[in-house]
Amino acid sequence: MSRKYSLTANDTYKFQFSKEEIESLDIEETSSENFHVLKDHRSFNAEIPSSDFYRKTYTVKINSNTYEIVISDELDILIEKMGLSLGSSTVVSDVLAPMPGLILSVNVKKGDTVKEGDYLMVLEAMKMENTLSAPRDAVVKSVKVKEGDTVTKNQLVIEME
């Protein structure tokens with residue numbers, strides 16, 4: 001039984017491929033991001049300037065045309081048909097204290113733009129320093145604590161837009 005894949009380009013064009021069809025392509029890697037492709041006696045130059053393996057998204061340039069590509073396998077297709085999504089989650093708008101402790105430093109203020117993973121503040125708990133980081137790209141709506149404050153578990157410390 002052949003594995004099936006679905007490819008969506010620029011949120012507009014949809015294609016279905018089998019594993020065998022993909023393997024039958026004549027592709028020659030010319031550098032780490034560049035490829036030469038022969039398909040149906042036609043030649044294509046392809047470049048992959050960016051990719052996110054875990055989200056299965058790629059930016060692909062083919063003969064100077066750029067496409068945003070999303071690749072789905074059989075499991076992804078089944079999950080989508082069921083109306084579910086592995087990638088969907090609630091948008092985190094609040095940062096809560098994970099445990100009771102003392103705020104040692106606050107690295108952001110209202111209006112700051114943060115990227116996912118940026119350090120927001122340092123919380124000391126049980127003589128250990130814990131860094132709280134941004135759960136997503138956002139703008140800081142408000143900071144509810146200041147250096148020296150004590151917090152309880154699940155206390156709101158930062159609101160994000």
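## Seven-stranded sheet

In this predicted model, seven strands make up an open sheet whose order is β2-β1-β7-β6-β5-β4-β3, with antiparallel pairing. The edges are formed by β2 (13-18) and β3 (26-29), each of which pairs on one side only. On average, and with direction ignored, neighbouring strands of this sheet are turned by 30° against each other.

## Strands β6 and β7, and helix α2

Within this sheet, strand β6 (residues 57-62) and strand β7 (residues 65-72) run antiparallel and are joined by six bridges. At the residue level, Val60 has Tyr67 of β7 as its bridge partner.

Helix α2 (residues 74-81) packs on the sheet. The helix touches β1 (4-9), β2 and β7, and its direction makes about 80° with that of β7. One of the strands touched by α2, β2, is also an edge strand of the sheet.

## Four-stranded sheet

Another open sheet has four strands in the order β12-β11-β9-β14, and its pairing is antiparallel. Here β12 (128-133) and β14 (150-151) stand at the edges; each has a single partner strand, so one side of each lacks a neighbour in the sheet.

For β14, the pairing is with strand β9 (residues 101-106), in the antiparallel sense and over two bridges. In this pair of strands, Gly101 stands opposite Val151 in β14.

## Pairing in both sheets

Strands of a sheet pair through backbone hydrogen bonds, in either a parallel or an antiparallel arrangement. The pairing is antiparallel in the seven-stranded sheet, and antiparallel in the four-stranded sheet as well.

How values were computed
Residues numbered from 1 in each chain as written. Predicted model: local features only at pLDDT ≥ 70, side-chain atom pairs only at ≥ 80, totals over all residues. Heavy atoms only, no water. Pairing = 2+ DSSP bridges. Axes fitted to C-alpha atoms, helices over the stretch in contact; angles between N-to-C directions. Contact = heavy atoms within 4.5 Å.
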